[in-house]
Amino acid sequence: MIQNDNVTIGDIAAHFVGNSSKEEGMVLSQCVVSQTESLRFILKTSVLSSFESEESYHFVHDGGVGYNYMFGLCRDIFNDSGCLLEKSREMARYLYEKSDHNKIKAGEFYVIHFKDIMLDG
């Protein structure tokens, strides 16, 4: 369970990622999203509430998690939050390259840097 009493929000990047097999393309943001108090409230309540189940996921790679491409991009963001836009663009490109199954739908892709989240367990 996520404890979000002290959560703050850093940068936010928003992109559109299509399906590469359908040649839908993608639109990558040129700047981070401007934030208002109401947007921060909505993100804290709606986005974080999506993570209330006991189920969790983690990055894997046969050679070790350090070799997982997305893990590396996330690690870079946590080490230097100033690179969130650049790294989120790399994530979007990677997802586009891997979205080649005809049933994968195009959609928005957000990267939000939540700070001071506590995870039980």
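This note walks through the cores, ring pairs, salt bridges and a few single residues of a predicted model.

1. **The main core.** Start in the interior. The largest nonpolar core has 14 residues. Those with the most contacts inside it are Val17, Ile77, Leu84, Met91, Ala92, Phe109 and Val111. Four elements give two or more residues to this core: β2 (8–17), α2, α3 and β4. The largest share, 5 residues, comes from α3. The general background is simple: in soluble globular proteins, nonpolar side chains tend to be buried together.

2. **Val111, a residue of that core.** Val111 is among the residues with the most contacts inside the largest core. Look at its partners, leaving aside neighbours within four places in sequence. Val111 is in contact with Asp11, Ile12 and Ala13. Val111 also touches Ile77, Leu84, Ser88 and Met91. Of these partners, Ile77, Leu84 and Met91 also appear among the core residues with the most contacts.

3. **A second core.** Apart from the largest core lies another, of 6 residues. Among them are Val7, Ile12, Leu48 and Phe114. Find Ile12 again here: Ile12 is in contact with Val111.

4. **Gly107 and a distant stretch of sequence.** Where does Gly107 lie? Gly107 is in strand β4, which covers residues 107–115. Now compare sequence with space. Gly107 and His15 are 92 residues apart in sequence. Their C-alpha atoms are 8.5 Å apart in space. Setting aside neighbours within four places in sequence, Gly107 is in contact with His15, Phe16 and Val17. Val17 is one of the residues with the most contacts inside the largest core.

5. **A salt bridge within one helix.** The structure holds 4 salt bridges. One of them joins Glu37 and Arg40, with the closest N and O atoms 2.8 Å apart. Both residues lie in helix α1 (residues 37–49). They are 3 residues apart, about one turn of the helix. Is Glu37 buried or exposed? Glu37 is exposed, because its relative accessible area is 58% and the exposed class begins over 50%. Arg40 counts as partly exposed, at 23% relative accessibility.

6. **A salt bridge between two helices.** Asp76 forms a salt bridge with Lys87, and the closest N and O atoms are 3.2 Å apart. Asp76 lies in helix α2 (residues 69–79) and Lys87 in helix α3 (residues 84–98), so the pair ties together parts that are 11 residues apart in sequence. Asp76 is partly exposed, with a relative accessible area of 26%. Lys87 is buried, because its relative accessible area is 13% and buried means under 20%.

7. **The network around Lys87.** Lys87 has a further partner. Glu86 also forms a salt bridge with Lys87, the closest N and O atoms being 4.0 Å apart. Glu86 counts as partly exposed, at 46% relative accessibility. Which residues are linked in a network of salt bridges? They are Asp76, Glu86, Lys87 and Glu90.

8. **The first ring pair to check.** A search of the whole structure finds 2 aromatic pairs. Phe59 and Phe71 form one that is edge-to-face. Their ring centres are 5.8 Å apart, with 70 degrees between the planes. Phe59 lies in the loop between α1 and α2, and Phe71 in helix α2, so the pair ties together parts that are 12 residues apart in sequence. Both are partly exposed: Phe59 has a relative accessible area of 34%, and Phe71 is at 24%.

9. **The tyrosine pair.** The rings of Tyr69 and Tyr94 have their centres 4.8 Å apart and their planes at 40 degrees, so the pair is tilted. Tyr69 lies in helix α2 and Tyr94 in helix α3, so the pair ties together parts that are 25 residues apart in sequence. Tyr69 counts as partly exposed, at 39% relative accessibility. Tyr94 is partly exposed too, with a relative accessible area of 27%.

10. **Ser99, a buried loop residue.** Ser99 lies in the loop between α3 and β4. Ser99 is buried, with a relative accessible area of 10%. What lies 2.5 Å from a polar atom of the Ser99 side chain? The backbone oxygen of Leu95 does. Leaving aside neighbours within four places in sequence, Ser99 is in contact with Gly18, Asn19, Ser20, Ser21 and Ile104.

How values were computed. Residues are numbered from 1 along each chain as its sequence is written. This is a predicted model: local features need pLDDT of at least 70, side-chain atom pairs count only at pLDDT 80 or more; totals for chains, interfaces and linings use all residues. Side-chain values use heavy atoms; hydrogens and water are left out. Contact means heavy atoms within 4.5 Å. A salt bridge is a side-chain nitrogen of Lys or Arg within 4 Å of a carboxyl oxygen of Asp or Glu. Buried means under 20% relative accessible area, exposed over 50%, partly exposed in between (1.4 Å probe, protein chains only). A nonpolar core is a set of buried Ala, Val, Leu, Ile, Met, Phe, Trp, Tyr and Cys residues joined through side-chain atoms within 4.5 Å. Rings of Phe, Tyr and Trp (its six-membered ring) pair if their centres lie within 6.5 Å; planes under 30 degrees apart count as stacked, over 60 as edge-to-face and the rest as tilted. A polar contact is a pair of N or O atoms within 3.5 Å; within protein, one must be able to donate a hydrogen and the other to accept it, and residues adjacent in sequence count only if both atoms are side-chain atoms.
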